[in-house]
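Please look over the sequence and the structure shown here before reading on.

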Amino acid sequence: MLNILMKEVYYFLKRIVDSYGYMRFIKKSRICVKDTQETINYILNNRVSVSRFGDGEYRVMNHSGNGFQEPDNMLALRLKEVLNSNLSNHIICLPYAYVSVKHMTADARGFWYPFCGSYKDFILKITNPDKIYYDTNFTRFYMDMKDKKRVDEIVLRLKKIWDQRDLFIIEGEFSRLGVGNDLFDNARSIKRIIAPSKNAFEKYDQILTVAINVIPKDALILCALGMTATVLCYDLARKGFQAIDIGHIDVEYSWYRMGAIKKCPVPGKAVNEINAYPANRDCSDDSYKQAIIAKI
């Protein structure tokens with residue numbers, strides 16, 4: 001009983017310390033991040049490419065890593081280049097948590113409080129307060145949202161991005177975006193380039209070269225490849241492509257369709273955040289297999 005009480009006291013005090021650290025971050029920050037609706041509207045109206053920065057990208061820039069990307073000095077340098085870039089056909093997304101977490105669940109706030117508090121000085125040091133950023137979490141439209149009444153509307157708007165477009169998906173081996181659901185059913189066509197599920201940046205030059213050589217300029221590219229996608233979409237934008245770092249959108253969509261209330265495994269797909277990977281490495285979906293045009 002005493003151990004349980006001490007544990008509860010510890011977590012109570014930790015929440016106070018974390019929330020205080022977050023409030024100090026918000027007080028010092030002048031970072032401008034547009035919300036999810038503004039982000040989706042801007043993409044639809046301007047057909048821009050998108051690079052997204054979350055906690056993982058900031059950790060790599062600070063010479064750390066996570067479950068699917070080891071620390072990499074060159075990747076850190078490239079991420080900083082993208083963060084400070086200014087292309088007319090490309091936007092940079094940051095966590096809306098840099099502005100507010102009022103719209104988020106308690107679990108989501110419990111993640112962003114300590115991250116923003118502990119990374120406060122680093123975030124403020126390398127992020128341009130005079131630049132307009134957009135919302136990294138436009139692809140995280142479901143699980144972390146406290147009020148889920150607008151999710152249906154957000155999903156419909158997201159689907160307009162690839163409506164009747166020729167779609168090329170660059171993804172990790174176990175991401176399998178759209179397999180088993182109707183997320184991309186309104187695309188005109190789907191082709192896939194499969195890349196490593198972990199440490200994809202080690203194969204970066206090969207991934208970029210293949211993409212440039214096999215994808216037509218009028219197609220839409222969706223990248224789900226962790227921090228590598230952040231850099232890849234920037235480089236593809238420089239080459240005149242529209243490439244969107246789409247991240248965990250398929251997992252979010254799956255949770256939304258399941259009505260999940262907690263992060264949980266999605267059959268046949270990797271869910272990195274909860275360390276869930278498909279037991280069977282092979283995907284039995286014939287349309288998925290037929291869509292693969294390159295494997296790296």
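The questions and answers below concern a predicted model.

Q: Which side chain of opposite charge is nearest to Glu 252, and does Glu 252 form a salt bridge or lack one?
A: Glu 252 belongs to helix 10, which covers residues 249–258, and Glu 252 is buried. A salt bridge requires a side-chain nitrogen of Lys or Arg within 4 Å of a carboxyl oxygen. Glu 252 has no salt bridge, and the nearest side chain of opposite charge, at 4.0 Å, is that of Arg 140.

Q: Which residue has its backbone nitrogen 3.0 Å from a polar atom of the Glu 252 side chain?
A: Leaving aside residues up to four places away in sequence, Glu 252 touches Thr 139, Arg 140, Phe 141, Tyr 142 and Met 143. Among these contacts, the backbone nitrogen that lies 3.0 Å from a polar atom of the Glu 252 side chain is that of Met 143.

Q: How many bridges join strand 5 to strand 7?
A: Strand 5, residues 166–172, is largely enclosed by the rest of the structure, because six of its seven residues are buried. With strand 6, residues 189–195, strand 5 pairs in the parallel sense over seven bridges, and Glu 171 has Ile 194 of strand 6 as its bridge partner. Strand 7, residues 220–224, also runs parallel to strand 5, with Ile 221 of strand 7 as the bridge partner of Phe 168. The number of bridges joining strand 5 to strand 7 is five.

Q: What is the relative accessible area of Val 214, and is Val 214 buried or partly exposed?
A: Val 214 lies in helix 8, residues 204–214, and, apart from residues up to four places away in sequence, touches Phe 168, Ile 193 and Ile 293. A residue counts as buried under 20% relative accessible area and as exposed over 50%. Val 214 is therefore partly exposed, with a relative accessible area of 40%.

Q: How many of the 13 residues of helix 9 are buried?
A: Helix 9, residues 226–238, is mostly covered, and its buried residues include Met 227, Tyr 234, Asp 235 and Ala 237. Helix 9 is followed by Gly 240, whose phi is positive, near 95°. Of the 13 residues in helix 9, the number buried is 11.

Q: What distance does helix 5 reach from its first C-alpha to its last?
A: Helix 5 spans residues 106–118 and has 13 residues, with Ala 108, Trp 112, Phe 115, Cys 116 and Gly 117 as its buried residues. At 1.5 Å a residue the expected value is 18 Å, and the model comes close to this, since the reach from first to last C-alpha is 19 Å.

Key:
Residues numbered from 1 in each chain as written. Predicted model: local features only at pLDDT ≥ 70, side-chain atom pairs only at ≥ 80, totals over all residues. Heavy atoms only, no water. Helix = DSSP H or I, 4+ residues; strand = E, 2+ residues; numbered from the N terminus. Buried < 20%, exposed > 50% of the residue type's maximum accessible area, 1.4 Å probe, protein only. Lys, Arg positive; Asp, Glu negative; His and termini not counted. Polar contact = N/O pair within 3.5 Å; in protein donor to acceptor, adjacent residues only side chain to side chain. Contact = heavy atoms within 4.5 Å. Pairing = 2+ DSSP bridges.
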